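The following note comments on side-chain packing and on aromatic contacts. Please read the points alongside the structure shown here.

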Amino acid sequence: MTPLWIDINSAGFMNSYVNALEQFLARYIGAQAAHHCLLRFCAKRNLQINDLNPLYNHDLGIFLRDNLSVFTGNRRAHAIMGQLARAAQT
Amino acid sequence: MPLIGVLIYIAIDVFIYSTRPMPENVMAVYADTMIAGACLIAAVSIYLAAGKFDRSDINRRPWQWMSYGLALSFFGKVIYIILRQVSRFDPFPCLGDLFLLSGDLTFLWGLWIFARACLRKDFVPPYSGQIPSVAISMIALFFTSACVIVPVFSMRSDPLTERWIAILYPILDIAALSLSARLACLFWSLRQPPIARSWFILALAYVLLNTADSFHGFLEVMHLYHPYHWINLTWVIAYLLIANAGLTQIRLLTHLDETASSEIPS
């Protein structure tokens with residue numbers, strides 16, 4: 001299996017960041033579900049998808065953890081959230 | 001999954017079902033034993049998958065309930081095998097039915113807990129895979145009602161209690177088939193998410209299992225069932241698929257544990 005990480009450094013502008021997020025999520029839940037998941041996150045926070053930026057990583061991580069825990073359990077979903085947060089810091 | 005072993009087993013069974021080398025009473029014991037064995041393998045595999053979750057984890061419950069359901073079904077099948085050997089005729093209804101029905105209910109409860117949690121999540125687009133799953137459920141409902149439920153009530157001369165017990169099986173089958181078809185169609189429409197691969201396999205296996213159950217009910221009503229019928233092989237394959245789903249989940253969780261402990265490349 002391929003390693004699971006997000007290359008935030010390559011996100012030069014907003015769309016790239018969203019693309020990188022979708023790629024990160026797609027490795028877990030597939031491309032279509034990943035796109036829909038981000039749209040739902042934006043809808044809940046009254047955001048445009050292009051408004052997403054690394055500042056939302058904490059909230060997004062919690063949102064993601066709640067969605068993934070049904071498959072992986074809470075601890076692993078929390079670890080995935082941690083991956084997202086750490087990747088955003090690098 | 002030791003795929004080669006399964007393929008060799010299927011090849012042997014295809015040979016046996018085609019050439020019919022054993023008397024029917026011996027074949028009945030062989031077929032029932034193989035089905036019960038596959039059911040036990042599935043129960044152990046799903047139980048091991050449940051064990052990969054933390055004890056306090058609420059998401060461990062569906063896997064636990066499903067393993068208990070499979071274990072109950074296994075005991076029900078063993079009771080049936082023993083009673084058939086002792087009495088030399090069909091022991092329906094007996095204690096085995098209590099185990100089989102409670103096993104079906106318990107498995108269904110596990111599946112329901114997961115489906116209820118999964119379908120409420122944000123990554124599920126509305127109505128995703130709903131139309132094909134409703135179509136499958138309607139076909140199953142129509143087929144089972146017309147070919148099993150109505151004939152059992154109208155044609156059989158058995159006592160009413162026996163007929164009600166006989167009816168419970170197809171009712172549970174329809175419920176389980178609808179739920180598993182909903183999950184299978186959902187994950188199919190989402191292009192089989194990697195994290196849900198085990199659930200996709202499990203849902204497919206359960207669709208196969210319940211289709212075989214409904215078809216078996218039809219064959220019993222029409223007096224067409226015999227121990228060399230290919231439907232026995234379908235049950236074994238369905239249980240082995242469930243076992244495969246458990247192993248897939250174990251592999252996924254192990255992989256996630258390894259990934260979480262490794263450093264993230266910059």
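1. Is B:F200 buried or exposed? The model is predicted, and in it B:F200 has a relative accessibility of 9%. B:F200 is therefore classed as buried, because that value falls under the 20% cut-off.

2. The aromatic partner of B:F200 is B:W188, and the two rings are stacked, with 6.0 Å from centre to centre and 20° between the planes. In contrast to the buried B:F200, B:W188 is exposed, at a relative accessible area of 55%. The pair joins distant parts of the chain: B:W188 belongs to helix α6 (residues 160-189) of chain B and B:F200 to helix α7 (residues 197-221) of chain B, with their positions 12 residues apart in sequence.

3. Over all chains, the search of the whole structure yields 16 aromatic pairs. One aromatic cluster is made up of A:F71, B:W63, B:F114, B:F123, B:F187 and B:W199.

4. The largest nonpolar core contains 94 residues, and A:I29, A:F71, B:F187 and B:I242 have the most contacts inside it. Helix α8 (residues 231-261) of chain B supplies the largest share of this core, 14 residues. A second core, separate from this one, has 8 residues, among them B:C147, B:V148, B:V152 and B:F218.

5. Which residues does A:I29 touch, leaving aside those up to four places away in sequence? In chain A they are A:A34, A:C37 and A:L68. In chain B they are B:F123, B:P193, B:P194 and B:I195. B:F123 also takes part in the aromatic cluster named above.

Methods. Residues are numbered from 1 along each chain as its sequence is written. Chains are lettered from A and ligands numbered from 1 in the order in which they are written. This is a predicted model: local features need pLDDT of at least 70, side-chain atom pairs count only at pLDDT 80 or more; totals for chains, interfaces and linings use all residues. Side-chain values use heavy atoms; hydrogens and water are left out. A nonpolar core is a set of buried Ala, Val, Leu, Ile, Met, Phe, Trp, Tyr and Cys residues joined through side-chain atoms within 4.5 Å. Buried means under 20% relative accessible area, exposed over 50%, partly exposed in between (1.4 Å probe, protein chains only). Helices (H or I, at least four residues) and strands (E, at least two) are DSSP runs, numbered from the N terminus. Contact means heavy atoms within 4.5 Å. Rings of Phe, Tyr and Trp (its six-membered ring) pair if their centres lie within 6.5 Å; planes under 30 degrees apart count as stacked, over 60 as edge-to-face and the rest as tilted.
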